[in-house]
Amino acid sequence: MPADSGLNPSPSAQPPWTQSGRAPRIAIIGAGMSGIAAVVKLRKAGYHDVTVFEKTDRVGGTWRENQYPGLSCDIPSYLYQFSFEKNPDWSHRFSYGPEIQRYMESTAEKHGVTRHVRFNTQVDALRYLAPVWELTTGDGQTEVFDIVISATGVLHHPSIPDIPGLSDFQGEAFHTARWNTDLDLRGKRVGIIGTGSTSAQIVGDIADKVDKLSLFQRTAQWIHPLPQKAYGRYWKALLRKVPVLNTAAYWGVAFSIEQSFVRATLGNKWFLRYVDWACRRNLAKNVPDPELRRKLTPDYAAACKRLIFCSTFYPAISRDNAELVTDGIERIEANGVRTRDGRLHELDVLVLATGFKADRFILPTRVIGEGGQQLGAQWDGSPRAHRATSVPGFPNFWMLEGPTGPIGNISLIMVSEHQIDYVIACLDKMKRDGLAAMAPHEAAFRRYNAAMTEAVQRTVWVTGGCQSWYLDKDGIPNIYPWTPRQYRQEMRHPKFSEFRLMRAAEASANVPQPAKEAEEV
């Protein structure tokens, strides 16, 4: 556990860590991939007094939470890995969930992350007591930290559909993130509500095992083929012998994705045409029935929603024991799902592949900043952050994978690493200049988000004509609208003029100072 910080119960009366000669106490919320990266990189930068609060009993985040059949990553393995822990032994080009979870656990153990983690400890509240934060856990315990880093991720609050009668179903019913791993699906009648990436993977895996599969579709999805490949022992041995090849693969895959699918989402017409062609060809090649093919054809542009990469879905849904149901759901009954045409689809198992609440982030943890303002009330269904990492009025509070970050078809591990590098640069700035706290100027925050809102109008997320989980309650995509290269540059070179740089007296006043004019985004 971290060493004694020297803070007493009157934290506001103590000199800030930058002036007292002690190390900052840093709290990290979440032990998923971004939390693991944060601990490793903070320690390498000389920040060792780190405590990670993890609500469950293991590290891994989304890969620990999701255990459904067919689970795999749609980002190539050589990119979906930590830069400081390249793995030469990936079994496939696109790794499966259990292998990624083992990688997360082994990385955390190898780099000493787990000894910093308090497992089974949920954080209920964070309150700013200038210039520190008071953290309250689920059992009512409180502690004080100089810095708080939210590493909770984006997709971790299951979205349960509001369908009449859901609680009346007498069979097994669960969300995909709460999969019953003890359940044997062989010979069962299985219904799946939802048609996103998770649903596509499950359908592709279980269709040949169940007696009957009913997929309830509200919106058809564009699906790009997944060029899966198993790696042989000679290739793995070569990567172990010549590690630079793994690094070359890491950046090579990143470059290829950024020059193709990313450019398509940002509005490049040539690449959009390619993605459209590849998806249509995949559909035509793998769904011989013209009526089924018609039902599976979306009425919006490819890549408007997060593009699905899967090669098993179309053959599976084309099986004789599979049915695509496009009539709307009227209600759920004890024995199955009643659709609006009056038909009862009798089921033994009902799976909710209905996604997650993408606007929550660290919520429902109560985060109370300067002047008593609450983060949840400030966001109000349309979360925003400054460069996806910080919010005005919440000094010394940082986020990894926060609102307005690049969360499309790219590696979130890479994104998280760049963001923690950005946070470390800010901590170094505080230490050099003896600062007590820092938070973005309101003017810089507004300027950045206004520029983002304008730029996102040119992306396929707006022009493609779809509804997706990228959209906030105002219908604006809550996602970074520029290139990953530009984001990396922003993370490598923080603009400190965008921040209120507060010394002890100003921070303790607990009142935001007038915003200075910030540099252009």
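In this predicted model, three strands form an open sheet in the order β14-β15-β16, and their pairing is antiparallel. The edges are taken by β14 (329–333) and β16 (344–346); each has a single partner strand, so one side of each is left without a neighbour in the sheet. On average, neighbouring strands of this sheet are turned by 25 degrees against each other, direction ignored. If you would like to follow the pairing in the viewer, begin with β14 and strand β15 (residues 336–339), which run antiparallel and are joined by four bridges. Within that pair, I329 has T339 of β15 as its bridge partner.

A second open sheet has four strands, ordered β6-β5-β4-β18, and its pairing is mixed. Here β6 (142–145) and β18 (366–368) are the edge strands, each pairing on one side only. Neighbouring strands in this sheet are turned by 15 degrees against each other on average, again with direction ignored. Strand β4 (residues 123–129) pairs with β18 in the parallel sense, over three bridges. One place to look is R127, whose bridge partner in β18 is I368.

Strand β13 (residues 322–325) is worth a stop as well, since its two faces are both covered. A322 and L324 lie on one side, E323 and V325 on the other, and all of them are buried. Strand β10 (residues 212–216) runs parallel to β13, and four bridges join the two. In this pairing L215 stands opposite L324 of β13.

The strand pairs described so far can be set side by side:

| Strand pair | Sense | Bridges | Example of facing residues |
|---|---|---|---|
| β14 and β15 | antiparallel | four bridges | I329 and T339 |
| β4 and β18 | parallel | three bridges | R127 and I368 |
| β10 and β13 | parallel | four bridges | L215 and L324 |

Now to the helices. The axes of helix α13 (residues 412–433) and helix α16 (residues 484–492) come within 8 Å and cross at roughly 25 degrees. Angles under 35 degrees count as roughly parallel, and that makes α13 roughly parallel to α16. On the α13 side the contact is made by M414, V415, H418, Q419 and Y422, while α16 contributes Y487, R488, E490, M491 and R492. By character, the residues of this contact divide into five nonpolar, two polar and three charged.

Which residues of α16 are buried? They are P484, Y487, R488, E490 and M491. Seen down the axis of α16, these buried residues fall within an arc of 160 degrees, so they line one face of the helix. A general rule helps to picture this: an α-helix has 3.6 residues a turn, so residues three or four places apart point the same way. The buried residues of α16 pack against α7 (244–258), α8 (261–265) and α13.

R485 also belongs to helix α16, but at 58% relative accessibility it counts as exposed. R485 and L283 are 202 residues apart in sequence, and their C-alpha atoms are 32 Å apart in space.

Finally, the loop between α15 (460–463) and α16 holds S468. Is S468 buried or exposed? Its relative accessibility is 14%, and S468 therefore counts as buried. Leaving aside neighbours within four places in sequence, S468 is in contact with C304 and K305.

Technical notes. Residues numbered from 1 in each chain as written. Predicted model: local features only at pLDDT ≥ 70, side-chain atom pairs only at ≥ 80, totals over all residues. Heavy atoms only, no water. Axes fitted to C-alpha atoms, helices over the stretch in contact; angles between N-to-C directions. Parallel < 35°, antiparallel > 145°, perpendicular 65-115°, else oblique. Contact = heavy atoms within 4.5 Å. Nonpolar A, V, L, I, M, F, W, Y, C, P; charged D, E, K, R; others polar. Buried < 20%, exposed > 50% of the residue type's maximum accessible area, 1.4 Å probe, protein only. Arc of directions from axis to C-beta. Pairing = 2+ DSSP bridges.
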